[in-house]
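Trainee: Got a minute to look at a model with me? I'd like to go through its fold and a few odd spots.
Mentor: Sure, put it up.

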Amino acid sequence: MTGMTGMTGMTGMTGTTGMTGTTGATAMTKTARRRPVRTSAARPAPAPPPPRGRGRRRLADQARAYAFLLGGLLCFALFSWYPAIRAVVIAFQRYTPGSAPEWVGTANFGRVLHDPEFAAAWRNTLTFTLLALLIGFAIPFLLALVLNELRHAKAFFRVVVYLPVMIPPVVSALLWKWFYDPGTGLANEALRFAHLPTSNWSNGADTALVSLVIVATWANLGGTVLIYLAALQQIPGELYEAAELDGAGLLQRVRHVTIPQTRFVILMLMLLQIIATMQVFTEPFVITGGGPENATVTVLYLIYKYAFLYNDFGGACALSVMLLALLAVFSAAYLRLTRSAEDA
Amino acid sequence: MSSSPRTLVSPAALARPRGRALYWAVFTAVVVLFALAFLFPVYWMVTGAMKSPDEVARTPPTLVPEHWHLSAYADAWDLMQLPRHLWNTVVQAAGAWLLQLVFCTAAAYALSKLSPAFGKVVLGGILATLMVPAQALVVPKYLTVADLPLIHTSLLNDPLAVWLPAVANAFNLYLLKRFFDRIPREVLEAAEIDGAGRLRTLWSVVLPLSRPVLGVVSIFALVAVWQDFLWPLMVFSDTDKQPIGVALVQLSQNIPLTVLIAAMVIASIPMVALFLVFQRHIVAGIGAGGTKG
């Protein structure tokens with residue numbers, strides 16, 4: 001994080017140039033003088049200050065604390081907590097905007113479960129997640145492993161690999177839709193150039209899902225590579241030296257030093273990737289529209305269809321609750337993992 | 001960094017002639033691979049928009065445009081009303097960034113330093129939202145925005161529909177709180193003794209110390225809004241209010257291919273430019289954020 005100190009240009013808010021009050025100015029100079037000594041210790045601050053008088057003083061302190069909290073709390077209440085509760089409530093209602101909701105028990109779940117698209121959506125989402133793990137998981141690790149050995153053009157590689165991440169996902173999707181064009185698309189031109197049989201890519205029922213996984217991997221792998229690289233740089237060099245003295249070859253060093261040393265990051269990124277890919281929407285929506293023959297309808301896409309095409313918000317919420325329940329398992333695992341790492 | 005630290009391959013192995021040859025072979029292979037995989041698609045997009053409509057549909061394709069046309073870029077700018085959609089995106093991203101900085105910073109400061117009653121409960125409630133992936137809640141969130149409780153106002157087609165939900169970002173709030181936790185209490189007390197109020201302490205002591213984390217949060221906030229698709233697709237049904245990503249998809253059906261590609265290039269420029277300017281900080285920030293969890 002220390003590398004971010006140069007970022008002040010973007011955070012105009014944080015500058016102290018607007019400070020004109022005299023008390024503030026004295027406070028500034030005093031703290032500025034103290035700062036280098038105190039903050040370099042940078043340890044967690046001890047528990048709350050001693051209570052300065054009870055009663056009204058404390059109440060005023062509390063009021064002030066909640067004044068600071070208010071804006072954030074309101075937004076969390078309105079746009080996180082309330083919708084989470086509402087998803088569960090509406091899942092058991094017939095809900096059309098504008099008219100009074102009506103309790104229908106588990107009818108929404110029944111209707112959704114009997115939708116032939118339901119099975120397709122879950123199958124596609126799980127296949128997508130699995131393929132994304134197979135393709136999108138090993139490749140970034142291998143790339144990071146190789147990049148970490150290269151001693152030249154380091155900055156160039158990092159910028160280039162992250163470039164697709166900064167391209168808006170919609171643009172990546174439209175770009176690959178054009179590449180996948182069976183007639184004049186770049187993908188088939190490349191195959192023809194190599195004298196290989198051409199493919200239908202995103203237009204073929206068998207190849208559509210894999211085609212979308214390729215797009216998602218291309219667009220997202222940069223972030224993963226950079227995180228792996230940072231993790232690889234923290235492996236102490238002595239471990240490799242010791243392993244080499246013990247006669248470990250290259251692959252053995254990867255297996256017995258690199259992988260155990262980065263185990264935590266690997267697991268963390270795997271969970272994050274599962275959570276992200278199970279919510280895939282942009283690629284199928286933009287590239288295939290869920291087709292051909294429902295081959296790329298995902299759960300989130302189906303939620304969108306229920307809400308905005310069928311105007312069936314009850315069904316959409318029933319689906320959301322199911323997706324939430326599954327994702328919560330992975331999220332909980334991820335949180336436990338990161339919290340335990342913090343405590344360590 | 002003075003000398004490169006020891007990695008998987010030992011420096012001794014690299015110093016040998018065979019090792020050196022192998023190193024340069026791998027190096028060249030990686031350069032070619034990266035150029036083909038990551039730069040060539042971008043090159044294809046930028047030059048594709050400069051080809052004539054005939055040339056872009058030709059097979060086999062031309063590697064370099066025969067004639068460099070800029071008309072597709074001009075057409076995209078005018079026909080697709082890109083200035084309006086870019087402006088919409090800027091307004092949405094800037095507002096979300098500003099509100100997030102103000103409200104998340106204030107809330108994180110309160111939770112970290114003002115010890116509010118039930119602070120633990122509030123923090124727990126905020127962290128619990130990390131468990132609930134945002135996309136899975138878009139439908140009830142949409143219904144809330146379409147008809148706000150109590151005041152019964154609709155925020156649809158209003159930038160507020162992006163700004164306010166952006167504040168409910170548990171990840172950024174937690175990043176800020178953790179950073180504030182590490183500012184020693186004595187520093188704040190010194191300011192208080194000098195007569196500074198809570199707000200002044202936050203503004204002139206805490207925030208100047210927090211520049212690094214504010215930079216990270218700013219980038220996360222801007223990129224998140226700029227790259228989001230599903231939420232603005234739901235919230236902005238009015239074409240005139242749509243950000244550039246949504247507008248691109250909506251208009252992509254009935255627009256000539258070269259014009260669409262030109263619009264895609266233009267839509268990519270702001271974030272790519274931001275990245276190229278701040279690439280050192282972004283690359284370092286991602287690495288640090290990722291490994292620290």
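Trainee: Among contacts in chain A between residues at least 6 apart in sequence, what share joins residues at least 24 apart?
Mentor: For chain A that share is 65%, with contact meaning heavy atoms within 4.5 Å. Bear in mind that this is a predicted model, where local features need pLDDT of at least 70 and side-chain atom pairs count only at pLDDT 80 or more, while totals for chains, interfaces and linings use all residues. Residues are numbered from 1 along each chain as its sequence is written, chains are lettered from A and ligands numbered from 1 in the order in which they are written, and side-chain values use heavy atoms, with hydrogens and water left out.

Trainee: OK. How many helices and strands are there in chain A?
Mentor: Chain A has 14 helices and two strands. Those are DSSP runs numbered from the N terminus (helices are H or I with at least four residues, strands E with at least two).

Trainee: And what percentage of the residues in chain A is buried?
Mentor: 51% of the 344 residues in chain A. Buried is under 20% relative accessible area, exposed is over 50% and partly exposed is in between, using a 1.4 Å probe and protein chains only.

Trainee: Let's zoom in. Where is A:Leu229?
Mentor: A:Leu229 sits in helix H8 of chain A, which covers residues 208–232. A:Leu229 counts as buried because its relative accessibility is 2%.

Trainee: What is A:Leu229 in contact with, leaving aside its neighbours within four places in sequence?
Mentor: Four residues: A:Ala144, A:Leu147, A:Asn148 and A:Arg158. A:Ala144 is 85 residues away from A:Leu229 along the chain, yet their C-alpha atoms are separated by 5.3 Å.

Trainee: What about A:Ile235, buried or exposed?
Mentor: Buried, because its relative accessibility is 5%. A:Ile235 lies in the loop between H8 and helix H9 (237–245) of chain A. Apart from neighbours within four places in sequence, A:Ile235 contacts A:Tyr240, A:Val257, A:Thr258, A:Gln261 and A:Thr262. For contrast, pick A:Asp115: 120 residues from A:Ile235 in sequence and 51 Å away, C-alpha to C-alpha.

Trainee: Switching to the strands, what does A:Glu102 touch, not counting residues up to four places away?
Mentor: A:Phe92, A:Gln93 and A:Arg94. A:Glu102 is in strand E2 (residues 102–103) of chain A, and the C-alpha atoms of A:Glu102 and A:Phe92 are 8.5 Å apart, with their positions 10 residues apart along the chain. A:Glu102 counts as partly exposed because its relative accessibility is 40%.

Trainee: Now the two chains. At what angle do H2 of chain A and H6 of chain B pack?
Mentor: About 35°, with the axes 11 Å apart; H2(A) covers residues 56–90 and H6(B) residues 119–128. Axes here are lines fitted to C-alpha atoms, for helices over the stretch in contact, with angles from 0 to 180 degrees between N-to-C directions.

Trainee: Which residues meet there, between H2(A) and H6(B)?
Mentor: On the H2(A) side, A:Tyr66, A:Leu73, A:Phe76 and A:Trp81; on the H6(B) side, B:Val122, B:Gly125 and B:Ile126.

Trainee: How many aromatic pairs are there over all chains?
Mentor: 34, where rings of Phe, Tyr and Trp (its six-membered ring) pair if their centres lie within 6.5 Å; planes under 30 degrees apart are stacked, over 60 edge-to-face, the rest tilted. The pair A:Phe281 and A:Phe285 is stacked because its planes are at 25°, with ring centres 5.1 Å apart. A:Phe281 and A:Phe285 are both buried.

Trainee: Which residues do ring pairs link into a cluster?
Mentor: A:Tyr95, A:Phe281, A:Phe285, A:Tyr301, A:Tyr304, A:Phe308 and A:Phe313, plus B:Tyr142 and B:Phe229. In that cluster, A:Tyr301 also has A:Lys305 over its face, 6.0 Å from the ring centre. The rule is NZ of Lys or CZ of Arg within 6 Å of the ring centre and within 35 degrees of the ring normal.

Trainee: Which ring does B:Lys141 lie over?
Mentor: B:Trp231, at 4.6 Å from the ring centre. B:Lys141 is one of the buried residues of H7(B), a helix (residues 138–146) with eight of its nine residues buried.

Trainee: Last thing, backbone oddities. Which peptide bond is cis, with omega near -15°?
Mentor: The one from A:Gly291 to A:Pro292. A:Pro292 is in the loop between helix H12 (282–288) and helix H13 (299–308) of chain A.

Trainee: And what is phi of A:Ala153?
Mentor: Near 55°, a positive value in a residue other than glycine. A:Ala153 is in the loop between helix H4 (116–149) and helix H5 (154–166) of chain A, and is partly exposed at a relative accessible area of 38%. B:Phe118 also has a positive phi, near 60°. B:Phe118 lies in the loop between helix H5 (82–113) and H6 of chain B and is exposed, with a relative accessible area of 63%.
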